[in-house]
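The following exercises are to be worked through with the sequence and the structure at hand. Each task is followed by its solution in steps.

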Amino acid sequence: MVVLYSSLAMHAYASTAVAPPEVLTVFPAEYTGHNNSLWFSAGRTRSGQGSIVAGAYFSIRSESQQSNIVWVTDGTPSGTHPAASHGEQGNRAVSPDVGLFFTAHDDNGALQLFSTDGREVSERQLTHTAIRESWLRGVLDGDPLITRSIGSTNTAVIRINAASGEESEIQVITGTSGEWFTVNQRVLGVSQSGVVGDHITAFLGGGQSPVDVPVPAPNTAWDYPHRIASNSRVACAKAYTHHGPTVIIPELYCTDGTPAGTHRPSPAGGQLGLALRDDVTFYGLGSRMLIANTRVTPQEMPWVTDGTDVGTYPLLESSPDFWSTCTDGESGSTVLAISRNTETMLWYTDGSRIGTRPLISIPAQAACPGLLGTSVPGSGLAYFFVDSTLYASDGSPDGTHAVDGAPAVFSNGDPYYPLQGIVVLGRWLVFAGKVSATEDGLWRIDLDPLFSSGMDE
C-alpha cells in the first residue's frame with residue numbers, strides 16, 4: 001500500500017483517469033437486497049486452473065439457506081462465485097498462503113472451523129468437536145488459532161494444523177475469552193475474570209512460548225481492556241486506570257504486541273492518560289491510530305496516537321462538528337470527511353498536522369462509511385465512498401472527484417456499521433452496487449486499461 005500523496009514537496013499527482021465501471025457479476029435473486037453485508041477480506045485464491053491469484057472473500061446472505069455464504073472474487077467473472085457451502089458464523093481470517101479460514105455451523109449445528117482455497121469444491125471442515133464451540137481468533141505461522149471454553153471459568157487456546165486439521169493445545173488461560181486481535185504477526189487475546197485482574201496474552205510464531213503483556217502503571221492488573229482495534233503495526237484499546245481508590249478513568253492504551261511496546265500514553269506529560277468515551281472508535285493509519293470520541297474538550301476533535309506520549313495529539317487546529325474516515329489507512333494516509341457548520345469537506349491526512357489539508361467540498365453532512373476505502377498499490381490513488389457515491393483521490397483538490405459512471409453503492413449512512421467495502425485485486429478495483437432497480441451485484445473498474453487493452457476477461 002502507498003500513501004495518497006507521498007511527499008509534501010511533491011507537485012505532480014497521479015492521474016485519476018481510469019476505464020468506466022462495468023458490471024462484474026449479478027447476484028442470484030436469493031442474494032438480492034440490502035441485507036448483503038459485504039466486507040472484503042483481501043488475500044489469495046486458487047483459480048479453476050490451479051494457479052494462485054489475488055482474491056477477496058466476502059459473505060452475502062442466502063435467503064434460501066438462511067445464512068451468510070462465503071464468496072470469492074479475483075476481479076473476473078469466472079473467478080467470482082461461492083467458495084463454501086456452509087454459512088459463515090463468527091470470524092474469518094485469510095491464510096497467508098492461499099484461501100480463507102472461517103467458522104460455521106456444521107450439519108449437526110455445532111460451531112466448527114472450516115477452510116476454502118477459493119474454488120467452489122474446496123471447502124474443508126477442520127474441527128469436529130461435538131460439544132464445545134470453536135472460535136477463530138487469528139492465524140499464526142499459517143495455522144489458525146481457535147479457542148474453546150472449558151466450563152465457565154477457563155479457555156483453551158488451540159492451534160489447528162491448516163493441512164491436516166490436527167489440534168495442539170497451546171495454553172489454558174484463566175477466565176473467559178474477551179477480544180482478540182493481531183498486530184506485528186502476533187495474536188493477542190484478552191481473558192476476563194469478571195473482576196479487576198484481566199490478562200492480555202501474546203501468542204508468538206516460530207514455536208515461541210506465549211508471553212503475558214503487563215499493564216502499564218499505575219495499575220497492577222488490566223481492568224477490562226475492550227473496544228480494541230489494530231492494524232499491522234499498532235493496536236489500541238480502552239481500559240480503566242486506577243489513579244486512586246475512588247478515581248477510576250477509562251483511558252487509552254496501545255501496544256505493538258510486545259511487553260516493552262505497551263504504553264498508556266500521557267499527552268500532557270503527567271500522570272493522567274487520554275480519557276476516552278464509552279463509544280470511542282479507533283481507525284488504523286499506518287503506524288498510528290486515529291481516535292474518535294475522547295473525553296477531552298472539544299470531544300469532536302480527532303486525535304492521533306502512535307502509542308507514545310509525544311505521538312498522541314489532536315489532529316486539527318480547530319474542532320469539527322462531525323468527521324469520518326474514508327479509507328482503511330493501512331498505507332499511512334487517509335481521506336476524512338469533515339463537517340463544520342453547514343459545510344462538509346474532504347481532507348487528506350498522513351496523521352501529522354502539517355500533512356493535513358482540505359481537498360474539496362461535498363454535500364452538507366455527507367459522511368464516509370468508515371474504513372472501506374482503499375489505496376491502489378503503486379499509483380498513489382485512493383477510492384472510497386461518500387454516502388452512496390464512489391470517489392477517487394490522488395491527494396490533491398484537482399484529483400479528487402466522484403467517479404463518472406459508477407452506480408449507487410450500498411450504504412446505510414452509518415460510519416460505524418457500514419454495509420460493504422471496496423478492494424483492489426491486481427488491475428481491478430471491485431465494489432458492490434446496484435445493477436438495476438431490482439438487482440444487486442459486483443462492479444469493477446480497470447485501473448490499467450492502456451496496459452491491459454481489454455485482453456483479460
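**Exercise 1.** Determine which residues have the most contacts inside the largest nonpolar core, and which strand supplies the largest share of this core.

*Solution.* Step 1: A nonpolar core is a set of buried Ala, Val, Leu, Ile, Met, Phe, Trp, Tyr and Cys residues joined through side-chain atoms within 4.5 Å; buried means under 20% relative accessible area, with a 1.4 Å probe and protein chains only. The model is predicted, so local features need pLDDT of at least 70 and side-chain atom pairs count only at pLDDT 80 or more, while totals for chains, interfaces and linings use all residues. Residues are numbered from 1 along each chain as its sequence is written, and side-chain values use heavy atoms, without hydrogens and water.

Step 2: The largest nonpolar core contains 26 residues, and Leu252, Phe282, Leu290 and Ile291 have the most contacts inside it.

Step 3: Strands (DSSP runs of E, at least two residues, numbered from the N terminus) that each supply at least two residues of this core include S19 (247-255), S21 (276-285) and S22 (288-294). The largest share, five residues, comes from S21.

Step 4: Leu290 touches, among others, Phe282, Trp303, Leu315 and Leu336, leaving aside residues up to four places away in sequence. Contact here means heavy atoms within 4.5 Å.

**Exercise 2.** Describe the aromatic pair of Phe58 and Trp71, and explain which parts of the chain the pair ties together.

*Solution.* Step 1: Rings of Phe, Tyr and Trp (its six-membered ring) pair if their centres lie within 6.5 Å; planes under 30 degrees apart count as stacked, over 60 as edge-to-face and the rest as tilted. The structure holds eleven such pairs.

Step 2: For Phe58 and Trp71 the centres are 6.2 Å apart and the planes make an angle of 35°, and the pair is tilted.

Step 3: Phe58 belongs to strand S3 (residues 52-62) and Trp71 to strand S4, so the pair ties together parts that are 13 residues apart in sequence. Phe58 is buried at 1% relative accessibility, and Trp71 is buried at 4%.

Step 4: Phe27, Phe40, Phe58 and Trp71 form one aromatic cluster.

**Exercise 3.** Classify the aromatic pair of Phe384 and Tyr391 as stacked or edge-to-face.

*Solution.* Step 1: The centres of Phe384 and Tyr391 lie 6.0 Å apart, with 15° between the planes.

Step 2: The pair is stacked, and both Phe384 and Tyr391 are buried.

Definitions and conventions
Buried < 20%, exposed > 50% of the residue type's maximum accessible area, 1.4 Å probe, protein only. Helix = DSSP H or I, 4+ residues; strand = E, 2+ residues; numbered from the N terminus.
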